[in-house]
Amino acid sequence: MLTELSPDLIRRRLTSLFPAELIEDIAYERDVVQRKRTIDITMLVWTLIMGFAVDGEARTIAGFQRAYSAATNQTVARSSFYDRFTPALATLLSDLLAHALEEVAVPHTIAPRFELFRDVLIADATIFRLHRLLSEFLATHPDQSGAKLHLVHNATSQSLEQFQLTDERTQESSQLRTGSWLRGRLLLFDLGFYSFRRFALIEENGGFFLTRLKSNANPLIVGERRKWRGRAISLPGRRLQDVLGDLRREIMDVTVEITFKRRAYAGKQSTGTMEFRVVGVRNEDTDDYHLYMTNLPDEFTPRQVAALYGLRWEVELLFRELKSVYGLEKFQTSDPAIVELLVVAALLTLVVSRALLGMFQELFPETVFPRERWARTVRSLAQLILEDLAQSFGHPPPNLSELTFRDARQPEKSRLLLSERVAEAFTRPSSA
């Protein structure tokens, strides 16, 4: 056994992230708990966080109830447990998530050159299906309901920067606000956020951006950012699409001029013009360029720019973790308030998993912990972690015999098993 891995290591990290006093204080402030009740609010919160990772029914309220009872060795009436799922509980979880986002940071391995930026951020959104009766979450197809989770992922600290839940039809571009918060930060995004006005606002607020160039974009080239020997084609003064087919160089690095419309004020809308950098790296398989637009300085070479855009795949891996590992698409509820509550619970599960990952990476810097493998490991141990937390809060160890009896027995005597219904039909006096 490694000396660093004491039995209470995970428990100490989790309770330092969300101390029981913090949970209780917010719970009373948000009127989640007004007086002492049967259900332990601290364990209810941890059940929503760790129970979300458990396989099977844990995304239903009944599944959470089973996880809570197994951890606390406490029998709770189903109605009493269901009554706890209120907007106030959702607010409590949101407050805890905001707290965690300020606390959790995973050591990163991005090159030292990235010290130029305060953070490297990745914006994206994902769609997941909901109960078809949830009309509040409009989908693009009839007779369906769908939600869209908008995230800004911090690749530097490996944590969430922002999140928003909307219906499926909401454009992701509308959920990303530009402003002074981007100063000194690099923002990576795909074509769903593509907007010349957004590029200009990021630049004007002291931020950096990197995105793919739209295939039909045809900006005016106003300068080349490196010299070419020999009889190279002169690019300034020409449109991008007019020269791409003639170029044979491995990379292209030019300055282009873009024109955009500013937001209307007092009924008038002005036009702005700015210069940005367009980088092209030839794809050997397709023999064409992968084109990127950015305001990164020249110290980032074209190949480094292309490699940097590949970092955007991190948010796709995060979405896959939420869906395939934590079952983001397996909600079995037609209550929109509970949907929002469970989405926050899923994000808390992700943050807690990353907090534990950060701790292990600090303890064992030479060891590689693949994130998806880590997430599946945490999921497999989630119920054990929950039970360990419960015992640290004074709950007795689970009585397995009692749990088995309570969960496996017939809940209502009026419900007859199939064999009992058949037997009853043969013993009932015939009316014929």
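Thr 72 is found in helix α4 of this predicted model. With a relative accessible area of 1%, Thr 72 falls under the 20% limit and is therefore buried. Beyond its neighbours up to four places away in sequence, Thr 72 touches Met 43, Ala 390, His 395 and Pro 396.

The chain continues from helix α4, which spans residues 61–72, into a loop that leads to α5 (78–82) and contains Asn 73. Although Asn 73 is not a glycine, its phi is positive, at about 55°. Thr 75 has its place in this loop between α4 and α5 as well. When neighbours within four places in sequence are left aside, the contacts of Thr 75 are with Glu 402 and Arg 406. The second of these partners, Arg 406, is separated from Thr 75 by 331 residues in sequence, yet the two C-alpha atoms are 8.5 Å apart in space.

A positive phi is also found at Asp 143, a residue other than glycine, where the value is near 60°. Asp 143 is placed in the loop that runs between strands β1 (120–130) and β2 (145–154). The relative accessibility of Asp 143 is 72%, and because exposed residues are those over 50%, Asp 143 counts as exposed.

The protein as a whole has 432 residues, of which 48% count as buried. Its secondary structure comes to 14 helices and 9 strands. Contacts between residues at least 6 apart in sequence include a share of 64% that join residues at least 24 apart. The protein exposes an area of about 22500 Å², and 49% of this area is supplied by carbon and sulfur atoms.

Confidence in the prediction can be stated both for the protein and for its elements. The mean pLDDT of the protein is 86, with 89% of the residues reaching 70 or more. Among the elements, strand β5 (residues 208–212) has the highest mean pLDDT, at 97, whereas helix α14 (residues 418–427) has the lowest, at 68. Where pLDDT is low, the predicted coordinates should not be read in detail.

Strand β7, which covers residues 251–261, includes Ile 251. Ile 251 has a relative accessibility of 11% and so counts as buried. Outside the four places on either side in sequence, Ile 251 is in contact with Arg 226, Trp 228, Gly 280, Val 281, Tyr 289, Pro 302 and Arg 303. A distance of 9.5 Å separates the C-alpha atoms of Ile 251 and His 290, which are 39 residues apart along the chain.

Leu 328 belongs to the loop that connects α10 (313–325) with α11 (336–363). Its relative accessibility is 1%, so Leu 328 counts as buried. Not counting residues up to four places away in sequence, Leu 328 touches Phe 128, Leu 149, Leu 322, Lys 323 and Ala 346. Leu 328 and Arg 129 are 199 residues apart in sequence, while their C-alpha atoms are 9.0 Å apart in space.

The interior was also examined for enclosed space. Rolling a probe the size of a water molecule over the atoms shows where empty space is left. A search of the whole structure finds 1 cavity of 30 Å³ or more, and the largest cavity holds about 30 Å³ of space. Its lining consists of His 153, Gln 158, Ser 159, Leu 160, Leu 318, Leu 350, Val 351 and Arg 354. Two or more residues of the lining come from each of β3 (159–167) and α11. The greatest contribution is that of α11, with 3 residues. By class, the residues that line the largest cavity are 4 nonpolar, 3 polar and 1 charged.

Note on methods. Residues numbered from 1 in each chain as written. Predicted model: local features only at pLDDT ≥ 70, side-chain atom pairs only at ≥ 80, totals over all residues. Heavy atoms only, no water. pLDDT = per-residue confidence, 0-100. Helix = DSSP H or I, 4+ residues; strand = E, 2+ residues; numbered from the N terminus. Buried < 20%, exposed > 50% of the residue type's maximum accessible area, 1.4 Å probe, protein only. Contact = heavy atoms within 4.5 Å. 1 Å grid on protein atoms, 1.4 Å probe; cavity = no way out; pocket = protein on both sides within 12 Å on 5 of 7 lines; lining within 4 Å. Points joined across faces, edges and corners; volume = space filled by probe spheres on them. Nonpolar A, V, L, I, M, F, W, Y, C, P; charged D, E, K, R; others polar. Areas by Shrake-Rupley, 256 points an atom, 1.4 Å probe, with all protein chains shown as cover.
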